Amino acid sequence: MSCLFCKIAAGEIPSERILENERAFAFLDLRPLARGHALVVPKRHAERVSDMAPEDAAAVMQLAQRIVRRQGEA
């Protein structure tokens with residue numbers, strides 16, 4: 001497996017996960033451009049957004065929305 005995000009999802013590369021659901025997870029960027037910069041990715045490999053199953057894409061967006069709300073509250 002050569003995909004960086006798949007390795008992070010599999011736990012082969014450590015990450016600071018901040019939110020997760022059954023199809024996607026969010027983690028803090030190691031070199032953030034801004035405080036609180038997070039990445040949200042599907043657990044199942046997809047090279048492009050257009051390759052993601054609709055359920056995976058929805059799960060990614062649900063987590064992204066939750067993160068944005070939390071950041072607004074902080």
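**A walk through a small predicted fold**

Let's start at asparagine 21, which sits in the loop between β1 and β2. Keep in mind that what you're looking at is a predicted model. Is asparagine 21 buried or exposed? With a relative accessibility of 16%, asparagine 21 counts as buried, because the cut-off for buried is under 20%. Its side chain reaches the backbone nitrogen of arginine 23, at 2.9 Å. If you set aside the neighbours within four places in sequence, asparagine 21 is in contact with Lys43, Ala59, Gln62 and Leu63. Hold on to some of those names, as they'll turn up again.

Now zoom out to the whole chain. It has two helices and three strands, and reading along the sequence gives you the pattern α-β-β-β-α. The radius of gyration is 12 Å, close to the 11 Å that the globule rule gives for 74 residues, so the chain is as compact as a globular protein of that length. If you drew a box around the C-alpha atoms along the principal axes, it would be roughly 35 × 25 × 20 Å. Of the 74 residues, 23% count as buried. The chain exposes about 5,400 Å², and carbon and sulfur atoms supply 54% of that area. What about contacts between parts of the chain that are far apart in sequence? Take the contacts between residues at least 6 apart in sequence: 31% of them join residues at least 24 apart.

Next, look inside. Which residues make up the largest nonpolar core? There are eight of them: Leu19, Ala24, Ala26, Met52, Ala59, Val60, Leu63 and Ile67. Both β2 (24-28) and α2 supply at least two residues each, and the largest share, four residues, comes from α2. Two of the core residues, Ala59 and Leu63, are also among the contacts of asparagine 21, our starting point. Methionine 52 is another core member worth a click. Leaving out residues up to four places away in sequence, methionine 52 touches Pro42, Ala46, Ala57 and Val60.

Time for the charged side chains. How many salt bridges does the structure hold? The count is six, and we'll visit some of them here. Begin with arginine 17, which forms a salt bridge with glutamate 20; their closest N and O atoms are 3.0 Å apart. Glutamate 20 also meets the side chain of lysine 43 in a salt bridge, at 2.9 Å from N to O. That second pair links distant parts of the chain: glutamate 20 belongs to strand β1 (residues 17-20), lysine 43 belongs to the loop between β3 (38-42) and α2 (54-73), and the two are 23 residues apart. Put these together and you get a network of salt bridges linking Arg17, Glu20 and Lys43. How open are these residues? Arginine 17 is partly exposed at 30% relative accessibility, lysine 43 is partly exposed at 30% as well, and glutamate 20 is partly exposed at 41%.

Now follow the chain to another salt bridge, where the side chains of arginine 44 and aspartate 56 meet at 3.9 Å, N to O. Here too the pair links distant parts of the chain, with arginine 44 in the loop between β3 and α2, aspartate 56 in helix α2, and their positions 12 residues apart. The partners contrast nicely: arginine 44 is exposed, with a relative accessible area of 52%, while aspartate 56 is buried at 4%.

Let's stay with aspartate 56 a moment. Which side chain makes a polar contact with the side chain of aspartate 56 at 2.6 Å? The partner is arginine 23, the residue whose backbone nitrogen is reached by the side chain of asparagine 21. Not counting residues up to four places away in sequence, aspartate 56 touches Arg23, Pro42 and Arg44. Pro42 is a name you've met before, as one of the residues that methionine 52 touches.

To finish, slide further along helix α2 to alanine 64. This residue counts as partly exposed, at 21% relative accessibility, because buried means under 20%. From there, look across to alanine 74, which is 10 residues away along the chain: the C-alpha atoms of the two alanines are separated by 15 Å.

Note on methods:
Residues numbered from 1 in each chain as written. Predicted model: local features only at pLDDT ≥ 70, side-chain atom pairs only at ≥ 80, totals over all residues. Heavy atoms only, no water. Salt bridge = Lys/Arg side-chain N within 4 Å of Asp/Glu carboxyl O. Buried < 20%, exposed > 50% of the residue type's maximum accessible area, 1.4 Å probe, protein only. Core = buried A, V, L, I, M, F, W, Y, C linked by side-chain atoms within 4.5 Å. Contact = heavy atoms within 4.5 Å. Polar contact = N/O pair within 3.5 Å; in protein donor to acceptor, adjacent residues only side chain to side chain. Rg over C-alpha atoms; globule rule 2.2 N^0.38 Å. Areas by Shrake-Rupley, 256 points an atom, 1.4 Å probe, with all protein chains shown as cover.
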